[in-house]
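Here is a set of short exercises to work through with the model open beside you. Try each task before you read its solution.

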Amino acid sequence: MPICVHAGSAYKHPVTSVGWPSYYAEDYASQAPAFHNMVSSFICEGVFSEYPELKVVLAESGFSWLPAHLWRLTKFWRGLRAEIPWVDRTPTEIARDHIRLTLQPVDAPPTSEQLERLMDHMGSDEMIIFSTDYPHWQFDGVDVIPEGISRELARKIMVDNPKNTYPRLQ
Amino acid sequence: MDRVTTGQKIKLAIADCDIHPTPKSVPVEIYPYLSKRWQDYMETYGIIYRQGFPTGPAFPKGQPNAARRDSYPPAGGKPGSDLSFMQSQHLDPNNVQLGILNPLSCGQGVQNLDFSAAYCNAVNHWQIAEWTSKEPRLKASLMIPYEDPLASVKEIDLWGGDHNFAQILLLSRTAEPLGQRKYWPIFEAACRANLPVAVHAFGYGGAPVTGGGWPSFYIEEMVGHAENTQSLLTSMVFEGVFERFPTLKLILVEAGFAWLPALTWRLDKLWNRMRKEIPHVTRPPSELIRQQVWLTTQPMEEPEPREHLLDTIEWIGWEKLLFATDYPHWDFDEPSRALPIRVGKEQKEAFFLQNALELYGLK
Amino acid sequence: MARYVVASVTEILPGERKLVTVRGRPIVIFNLDGEYFGILDRCPHQGASLCKGRLVGLVDAPRPGEYSFCRKGEIIRCPWHGWEFDIRTGKSRCEPESIKATQYDVGVKRGSEVIDESYEAETFDVVIESDYVVVNV
């Protein structure tokens, strides 16, 4: 079974590395950076080296932040590799194999062209799994799948990727 | 545009918006500007930062002194301590027309606020005496004891008109999120002095370096600067700093930049949904950021294929980026190799120099 | 391709390195236990001089927390971003199949062979009885 990490906090630490925010909007915004750090921690600590069959699902904090984060993590890893030698291939490859993210909230760019480019930046069509976050209403309008995602990719998101992530669905 | 010939090559003139000078010797170079009382204090009690460790950084660095191994001056001393070596190794061969000095470990984030103020003042004197008065291409950062906003305002008002200084400098991990009202006197004084506020990665906020706690490894801290910076920027947006100070210019230094578009998309969406909680934010965050925020480019993210970075830069805006190398640190971005993608002449010149000249009012 | 004499063997002892320039290319020659290897002195990442880097061994880990160390002195770590290169093969440790430092063919020849076989030795007075490090560029 995969492990799902949902947005939220046990508030052991200030929710940001710069202290406690004043507003709920700020707290909610901080869930995305929290997932960046979580991706770093899962990969750098070697969780996937130790448990090569494990998949981790990151729920309800979007995915549009992921490419930039992996670009940075992989860049540094090339030279800092000896600090975490159990990471034996690029963090980007590890993420593509082991990490899945739920679709909503997309935190989408304003245009469908930009979203298409973003999906190209993801570098893999296997990482996103369909979600609505019902009964919360994360998306504008009634279309859960935003414009800019091709039919083929939509099918992967809605059918193939969830099946491959949750073996018990098969 | 001015060019310098180095052998056969003509090198593009650049700005370097993140150079780290360091004193050759604190007693020799800083003590002249520090009262005896504070000299004795340092020697007896040391410097106490807002962190649990009595000395040293929270994580060991990737190279000694976090520096390039080839940046040790031949005459001796630490990387970044020798102007003539900085000139011969970096400023001259890389055709740096404008270099912004960002001193680190120089009195900021220090718990003893009076000492912090005294040391920042001494470092401001030192930057002029040892650097900007000797090398016209360099500009200093106005160091302030930012956890004491009133003392910071005094320091800004003291130096505000001095053209040695291009900006005010803070570190990104502050005791409270930087948008909170405690820090507003600093922004007010910055606008009065017509100086941008630069916030450089690292710092001593006291909180763990990630929102999820203390990571185990230095690499996690290094990538975590992007998260810190996103948090401080979110705070500044939602606290209404940009609305309250519409002429404030913010520069985010050494956090990279590729993370910015996704953050603006998220913040716009939250702002749309939660307007009632934050009615003082009357314009979309993406608009505020586009108008009042700039970012230095280092450490430049490295997508594969590299052309993906073109999308990201388009989304941010070519005019928002300020080239920086982070000399002499190990994660240095080499000007001739850091942006290995074909871009138009105008965009290249903006990215490498013109944006900085414009922002700092040096055109 | 031509063959160049770059040093006498006594100039580069085991564990040492020397930076030479051949046909305009800066090449760093390493001696690993009596074997010579040559790598272009430009890191494939951003062009740093690899000669200024630190000679290290290989830190590996079969599992998180279990470290192994071998091949002491056979890896050169770039002085800037720390990328590790295997001196014997030029391959990076991080992505050996796609990231490599340019390698040159390096060997040792007797003075007598050098004189007979038309090696370029512009800066050397070749002595027949001595051994020389030669590079193919």
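## Exercise 1: Where chain B meets chain A

In chain B, 55 residues are in contact with 50 residues of chain A, where contact means that the C-beta atoms of two residues, placed from the backbone, lie within 7 Å. This is a predicted model, in which local features need pLDDT of at least 70 and side-chain atom pairs count only at pLDDT 80 or more, while totals for chains, interfaces and linings use all residues. Residues are numbered from 1 along each chain as its sequence is written, and chains are lettered from A and ligands numbered from 1 in the order in which they are written.

Task: find which elements give two or more residues to the side of chain B that touches chain A, and work out the chemical make-up of that side.

Solution.
- Step 1. The elements to find are α7 (218-238), α9 (260-273) and α11 (308-316) of chain B. Helices (H or I, at least four residues) and strands (E, at least two) are DSSP runs, numbered from the N terminus.
- Step 2. α7(B) supplies the largest share, 15 residues.
- Step 3. Sorted by class, this side of chain B has 27 nonpolar, 17 polar and 11 charged residues. Here Ala, Val, Leu, Ile, Met, Phe, Trp, Tyr, Cys and Pro count as nonpolar, Asp, Glu, Lys and Arg as charged, and the others, Gly among them, as polar.

## Exercise 2: A helix at that contact

Task: decide whether α11(B) is mostly covered or mostly open, and find what its buried residues pack against.

Solution.
- Step 1. Count the buried residues: 7 of the 9 in α11(B), so the helix is mostly covered. A residue is buried if 20 or more other C-beta atoms lie within 10 Å of its own, exposed if 12 or fewer, and partly exposed in between, with C-beta atoms placed from the backbone.
- Step 2. Name them: H308(B), L309(B), D311(B), T312(B), I313(B), W315(B) and I316(B).
- Step 3. Look at their partners: α6 (112-122) of chain A, together with α9 and β10 of chain B.
- Step 4. Move just past the end of α11(B), where G317(B) has a positive phi of about 110 degrees.

## Exercise 3: The sheet of chain B

Task: trace the strand order of the open sheet of 8 strands in chain B and pick out its edges.

Solution.
- Step 1. The order is β3-β4-β5-β6-β7-β8-β9-β10, with parallel pairing. Two strands pair if DSSP finds at least two bridges between them.
- Step 2. The edges are β3 (14-19) and β10 (321-322) of chain B, each of which pairs on one side only.
- Step 3. Now zoom in on one pair: β6 (residues 165-173) and β7 (residues 197-203) of chain B run parallel and are joined by 5 bridges.
- Step 4. Within this pair, L169(B) has A198(B) in β7(B) as its bridge partner.

## Exercise 4: Chain A and chain C

Task: describe the side of chain A that touches chain C, then place W86(A).

Solution.
- Step 1. Here 13 residues of chain A are in contact with 14 residues of chain C.
- Step 2. α3 (47-50) and α4 (66-80) of chain A are the elements that give two or more residues to this side, and α4(A) gives the most, with 4 residues.
- Step 3. By class, this side of chain A has 5 nonpolar, 4 polar and 4 charged residues.
- Step 4. W86(A) sits in the loop between α4 and α5 of chain A. With 19 other C-beta atoms within 10 Å, W86(A) is partly exposed.
- Step 5. Leaving out residues up to four places away in sequence, W86(A) touches G46(A), S49(A), A61(C), R63(C) and P64(C).

## Exercise 5: Two helices of chain A

Task: how are α4(A) and α5(A) oriented to each other?

Solution.
- Step 1. The axes of α4(A) and α5 (residues 91-98) of chain A come within 8 Å and cross at roughly 135 degrees. Axes are lines fitted to C-alpha atoms, for helices over the stretch in contact, and angles run from 0 to 180 degrees between N-to-C directions.
- Step 2. The two helices are therefore oblique to each other. Angles under 35 degrees count as roughly parallel, over 145 as roughly antiparallel, 65 to 115 as roughly perpendicular and the rest as oblique.
- Step 3. L70(A), L73(A), T74(A) and W77(A) of α4(A) meet P91(A), T92(A) and A95(A) of α5(A).
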